[in-house]
Amino acid sequence: MEFLSYDFMQRALLAAVLIGVTAPAIGIYLVQRRQALMGDGIGHVAMTGVGLGFLLSTSPVWMAMAVSVVGALVMELIRWYGKTRGDIALAMLFYGGMAGGVMLISLAPGGSTANLGSYLFGSLTTVSQSDVVAICWLAALVILVTVGLRRQLFAVSQDEEFARVTGLPVRALNLLIAVTAAVTVTVAMRVVGLLLVSALMVVPVAAAQQLTRSFKATFVVAVAIGVVVTLGGTVTSYYKPVPPGATIVLLTIAVFIVLTLLATPLARRRARAATTAAGDPAECAIPGQQAPTPSLHG
């Protein structure tokens, strides 16, 4: 536990815990909406914000958040109005965001694409005190939204038409999900990296779904998996010269595989039990006789 005596590890572990909570917390709504790759697209757009931060000599984290939020809103508008050409517009937005980030950082004073490495794949040693403060504020916002509005967000993610009939502001909630996803990408980029953050949003949720059968249970298990793998990947990166983002994602995939293998026999037992329970006693009754009616008094 000597790694706890280093300030940079304390900052990295705190950031890892916050990322482990926030990424699956918003990811569960993206998975429900079949937008599992939205985080990846936002990560590409956030690259422009990072490059703009270097060019203007300001915080890349806050600049990436601002650009990511704008990009997420544009993605949602394209989803509403894009129709058949929406996928092409999204592709141009994603690739343009990545190219814009590379171009801007190359134009920055003393800038080099080598500076992008820690933002693309994560880095423990570059998590500064100001980064931790920003991550804490942004993570608090994500948790407030995903937990405080969980019923409304679940309703919109499950069935937009039903949510609209019940009087929920569907478009406003859709925009809120998009903005929250953008903030989560910004939270995670310092440890996991922009290119890998989408995996941490999606894979813990998919792993939790192998064992759980309700939204609440899936939410809790997914967050638990997220915290475990981010802490495990961060600590592993301290002892071994491996990138933390890649380590965290590989650990997450390993957890998914293990839980899938464990869930397969469990699912078979549930299926057999359901088949047995579905047997109608009336089918075994003598023809012409009515099956006895169950008594309310036992």
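This is a tour of a predicted model, one selection at a time.

**Whole chain**

Start with the protein chain in cartoon view. It has 12 helices and zero strands, so a colouring by secondary structure shows helix and loop under the DSSP assignment. Of its 298 residues, 43% are buried. Switch to a surface: the accessible area of the chain is about 15,100 Å², and carbon and sulfur atoms account for 68% of that area. As for contacts between residues at least 6 apart in sequence, 76% of them join residues at least 24 apart.

**Helix α1 and the loop after it**

Select residues 7-32, which form helix α1. Helix α1 has 26 residues, and from first C-alpha to last it reaches 38 Å, close to the 38 Å expected at 1.5 Å a residue. Go on to Arg34, in the loop between α1 and α2. What is the phi of Arg34? It is positive, about 60°, although Arg34 is not a glycine. Most residues other than glycine have a negative phi. Arg34 counts as exposed because its relative accessibility is 77%, and the cut-off for exposed is over 50%.

**Helix α2**

Select residues 38-55, helix α2, and show the side chain of His44 within it. Is His44 buried or exposed? With a relative accessible area of 13%, His44 is buried, because buried means under 20%. A polar atom of the His44 side chain lies 2.7 Å from the backbone oxygen of Asp40. Leaving out residues up to four places away in sequence, His44 touches Phe94, Gly97, Met98 and Leu195.

Phe54 is another residue of helix α2. At 24% relative accessibility, Phe54 counts as partly exposed. Draw a distance from its C-alpha to that of Ala108: the two atoms are separated by 5.9 Å, although the residues are 54 apart along the chain.

Beyond the helix, select Ser57, in the loop between α2 and α3 (60-81). Ser57 is a residue other than glycine with a positive phi, near 55°. Ser57 is exposed, with a relative accessible area of 65%.

**The nonpolar cores**

Next, hide the loops and show Ile42, Val192 and Met201. These are the residues with the most contacts inside the largest nonpolar core, which has 69 residues. Which element gives the largest share of this core? Helix α9 does, with 10 residues. In soluble globular proteins, nonpolar side chains tend to be buried together.

Centre the view on Ile42. Not counting residues up to four places away in sequence, Ile42 touches Ser68, Ala72, Met75, Ala178, Ala181, Ala182 and Val185. A second, separate core of five residues includes Phe3, Met9, Ala12 and Leu13.

Now select helix α9 itself, residues 170-188. Helix α9 has 19 residues and reaches 27 Å from its first C-alpha to its last, close to the 27 Å expected at 1.5 Å a residue. Helix α9 is mostly covered, with 14 of its 19 residues buried.

**Aromatic rings**

Show the rings of Phe, Tyr and Trp. How many aromatic pairs are there? The count comes to four. In one of them, the rings of Tyr29 and Phe215 have centres 5.7 Å apart and planes at 45°, so the pair is tilted. This pair links distant parts of the chain: Tyr29 is in helix α1 and Phe215 is in helix α11 (residues 215-239), 186 residues apart. Tyr29 is buried, with a relative accessible area of 1%. Add Phe154 and Phe219 to the selection: together with Tyr29 and Phe215 they form one aromatic cluster.

Finish with Tyr238 and Tyr239. They form an edge-to-face aromatic pair, 5.0 Å centre to centre with 85° between the planes. Tyr238 counts as partly exposed at 24% relative accessibility. Tyr239 also counts as partly exposed, at 46%.

Notes: Residues numbered from 1 in each chain as written. Predicted model: local features only at pLDDT ≥ 70, side-chain atom pairs only at ≥ 80, totals over all residues. Heavy atoms only, no water. Helix = DSSP H or I, 4+ residues; strand = E, 2+ residues; numbered from the N terminus. Expected span 1.5 Å × (residues − 1). Buried < 20%, exposed > 50% of the residue type's maximum accessible area, 1.4 Å probe, protein only. Polar contact = N/O pair within 3.5 Å; in protein donor to acceptor, adjacent residues only side chain to side chain. Contact = heavy atoms within 4.5 Å. Phe/Tyr/Trp six-rings, centres within 6.5 Å; stacked < 30°, edge-to-face > 60°. Core = buried A, V, L, I, M, F, W, Y, C linked by side-chain atoms within 4.5 Å. Areas by Shrake-Rupley, 256 points an atom, 1.4 Å probe, with all protein chains shown as cover.
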